[in-house]
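Subject: Handover of a structure and its findings

Dear colleague,

I am writing to hand over a structure to you. Please find the sequence and the structure just below, and keep them open as you read on.

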Amino acid sequence: MEEKNNNEGASVLLKAWKESSINSSDVEVILAFLAYLNDEISWLKQEAPKWHISLTSVVVDDKPLLDYFRFFECLTSPDVKYTEAITILWAVESVYHNGFEHCLEEGNNTPNEMKDGCKIWGNENFKQYCQSLENIANRTLEEALDEEVSMTEVLILEFLENIVRFWNMNLEGT
């Protein structure tokens, strides 16, 4: 999982460097993504033993999870444009931020053992990072050809379908 996420981050970073307009802040935002990804991986490594989960021998046999991973793997293709990749990255990060931010709201019954994870992705800094991604995505979509915008819309819908199946799979297991 760690290698796959690093490949996706590196792929989007490379696309930002090659395809973004002269705006170097795009690369800085993608580098922030890699820092958050590092935090995520560190948190997972810390938490996995508490839940008796091995990160070295993960067997992925659930179709929704495989589809979810395959979707992200397709984003590393050279055929995927920067506009598409950055917009999907914004969508992914925003979905997670909003979900984790909701878990931190007063009155929610978030288990104590999950609150640290929620604080990583539900905090104000991560929200600002998501807003930076949104600004980049909006800018690139405004500059994109209609065909690229249409493809991005298709990818957004595919991501949303995957995330719904992924979370439904998790809910069925509880």
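The paragraphs that follow describe what was found. Please bear in mind throughout that this is a predicted model.

**The overall fold**

The chain has seven helices and zero strands. Read along the sequence, its pattern is therefore written with the helix symbol alone, α-α-α-α-α-α-α. Of the 174 residues of the chain, 37% count as buried.

**Helices α2 and α3**

Helix α2 covers residues 25-47. At 1.5 Å a residue, the 23 residues of α2 should span 33 Å, and the end C-alpha atoms of the helix are indeed 33 Å apart, which agrees. The buried residues of α2 are Asp-26, Val-29, Ile-30, Phe-33, Tyr-36, Leu-37, Ile-41, Trp-43 and Glu-47. Please note Asp-26 in particular, to which I return below.

Helix α3, residues 63-74, has twelve residues. From its first C-alpha to its last, α3 reaches 16 Å, close to the 16 Å expected at 1.5 Å a residue. Which residues of α3 are buried? They are Leu-65, Asp-67, Tyr-68, Phe-71 and Phe-72. Seen down the axis of α3, these buried residues fall within an arc of 160°, so they line one face of the helix.

**Salt bridges**

Side chains of opposite charge can pair when their charged atoms come close. How many salt bridges does the structure hold? It holds three.

One of the three joins Asp-26 to Arg-139, with the closest N and O atoms 2.6 Å apart. This pair links distant parts of the chain, since Asp-26 belongs to helix α2 and Arg-139 to helix α6 (residues 124-143), 113 residues apart. Asp-26 and Arg-139 are both buried.

Arg-139 also forms a salt bridge with Glu-143, and here the closest N and O atoms are 3.9 Å apart. Both Glu-143 and Arg-139 lie in helix α6, four residues apart, about one turn of the helix. Is each partner buried or exposed? Glu-143 has a relative accessible area of 53%, so it is exposed, whereas Arg-139 has a relative accessible area of 18%, so it is buried. Salt bridges that share partners join Asp-26, Arg-139 and Glu-143 into one network.

Another salt bridge is found in helix α3, between Arg-70 and Asp-67, with the closest N and O atoms 3.5 Å apart. These two residues are three residues apart in α3, about one turn of the helix. Arg-70 is partly exposed, because its relative accessible area is 48%. Asp-67 counts as buried, because its relative accessibility is 15%.

**Cysteines**

A disulfide requires a pair of cysteine sulfur atoms within 2.5 Å. By this rule, the count comes to zero disulfides. Why does Cys-118 not form a bond with another cysteine? The closest cysteine sulfur to that of Cys-118 is in Cys-103, at 4.1 Å, which is too far for a bond. Cys-118 counts as buried, at 1% relative accessibility, while Cys-74 counts as partly exposed, at 33%.

**A nonpolar patch on the surface**

Val-95, Leu-157 and Leu-160 make a nonpolar surface patch of about 230 Å². Leu-157 is found in helix α7, which covers residues 146-172. With a relative accessible area of 51%, Leu-157 is exposed.

**Parts of the chain that are separated in sequence**

Two pairs of residues may help you to relate the sequence to the structure. Ser-11 is found in helix α1 (residues 2-19) and is buried, with a relative accessible area of 12%. Ser-11 and Tyr-82 are 71 residues apart along the chain, and their C-alpha atoms are separated by 9.4 Å.

The other pair is Glu-161 and Pro-64, which are 97 residues apart in sequence and 9.8 Å apart in space, C-alpha to C-alpha. Glu-161 has its place in helix α7. Its relative accessible area is 46%, so Glu-161 is partly exposed.

As you go through the model, I would suggest that you begin with Asp-26, Arg-139 and Glu-143, which salt bridges join into one network.

Yours sincerely,

A colleague

Note on methods. Residues are numbered from 1 along each chain as its sequence is written. This is a predicted model: local features need pLDDT of at least 70, side-chain atom pairs count only at pLDDT 80 or more; totals for chains, interfaces and linings use all residues. Side-chain values use heavy atoms; hydrogens and water are left out. The expected span of a helix is 1.5 Å times one less than its number of residues. Buried means under 20% relative accessible area, exposed over 50%, partly exposed in between (1.4 Å probe, protein chains only). The arc is that of the directions from the helix axis to the C-beta atoms. Patches are made of residues with over 30% relative accessible area and no salt bridge: like charges are joined within 9 Å, nonpolar side chains (Val, Leu, Ile, Met, Phe, Trp, Tyr) within 5 Å. Accessible areas come from the Shrake-Rupley method with a 1.4 Å probe; for residues, only the protein chains shown count as cover. A salt bridge is a side-chain nitrogen of Lys or Arg within 4 Å of a carboxyl oxygen of Asp or Glu.
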